[in-house]
Amino acid sequence: MAATFSWNIIKCNNKTIGEKDNVIHNIEYELVGTEDSKEEVIKGGEELDVSDLSNFTAWSSVTESQVVGWLESSIGSVALQSMKNLIQQRLDATTSDNPF
């Protein structure tokens, strides 16, 4: 069976860059894989490329789905798939506490 994956955004670190306040430059996260009653987590932090702020979103307008999109884009599809594969391997190696 394949795991389902979800993000927990722990913290969006921000700073002032030029004239822009509260620019999110780093995201602390957990990638959670769940299968049956088992759960595995990878925790991390991802530094975002903030060199081009032409599409800047004000802090008060940022949504969780935007942050997840920025996070996934920054991590990249290959690295993200590797993280999911690692979680799946951990889930496959985990046995439940009970045989029934």
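Is E30 buried or exposed? At 16% relative accessibility, E30 counts as buried. Buried means under 20% relative accessible area, exposed means over 50%, and partly exposed is in between (1.4 Å probe, protein chains only).

Before the next click, a word on the model. This is a predicted model, where local features need pLDDT of at least 70, side-chain atom pairs count only at pLDDT 80 or more, and totals for chains, interfaces and linings use all residues. Residues are numbered from 1 along each chain as its sequence is written, and side-chain values use heavy atoms, with hydrogens and water left out.

**Stop 1: the salt bridge**

Keep E30 selected and add K43. These two form a salt bridge, and their closest N and O atoms are 3.8 Å apart. A salt bridge is a side-chain nitrogen of Lys or Arg within 4 Å of a carboxyl oxygen of Asp or Glu. How many salt bridges does the structure hold? It holds one.

Now color the strands. E30 sits in strand β2 and K43 in strand β3, so the pair ties together parts that are 13 residues apart in sequence. Strands (E, at least two residues) and helices (H or I, at least four) are DSSP runs, numbered from the N terminus. K43 is exposed, at 65% relative accessible area, whereas E30 is buried.

**Stop 2: K38 and E35**

Select K38, in strand β3, which covers residues 38–47. Then add E35, in strand β2. K38 is buried but has no salt bridge. Its nearest side chain of opposite charge is E35, 4.0 Å away. Lys and Arg count as positive, Asp and Glu as negative; His and the chain ends are not counted.

What does the side chain of K38 reach? It reaches the backbone oxygen of L91, at 2.9 Å. Show the surroundings of K38 as well. Leaving out residues up to four places away in sequence, K38 touches G33, L91 and T94. Contact here means heavy atoms within 4.5 Å.

Turn to E35. E35 is buried too, again without a salt bridge. Add Q88: a polar contact of 3.1 Å joins its side chain to that of E35. A polar contact is a pair of N or O atoms within 3.5 Å; within protein, one must be able to donate a hydrogen and the other to accept it, and residues adjacent in sequence count only if both atoms are side-chain atoms.

**Stop 3: two positive phi angles**

Select N22, in strand β2, which covers residues 20–35. N22 has a positive phi of about 55°, although it is not a glycine. At 32% relative accessibility, N22 is partly exposed.

Next, select D36, in the loop between β2 and β3. D36 is not a glycine, yet its phi is positive, at about 55°. D36 is exposed, at 58% relative accessibility.

**Stop 4: strand β1 and helix α1**

Pick C12 in strand β1, residues 4–17. C12 is buried, with a relative accessible area of 18%. Beyond its neighbours within four places in sequence, C12 contacts I24, N26, W59 and V67. Draw a C-alpha distance from C12 to E72: the two are 14 Å apart in space and 60 residues apart in sequence.

Move to V68, which lies in helix α1. V68 is buried, with a relative accessible area of 17%. Outside four places in sequence, V68 is in contact with W7 and I9. From V68 to E47, the C-alpha distance is 13 Å, and the pair is 21 residues apart in sequence.

Stay in α1 and select S73. Is S73 buried or exposed? S73 is exposed, at 59% relative accessible area. The C-alpha atoms of S73 and W7 are separated by 14 Å, with their positions 66 residues apart along the chain.
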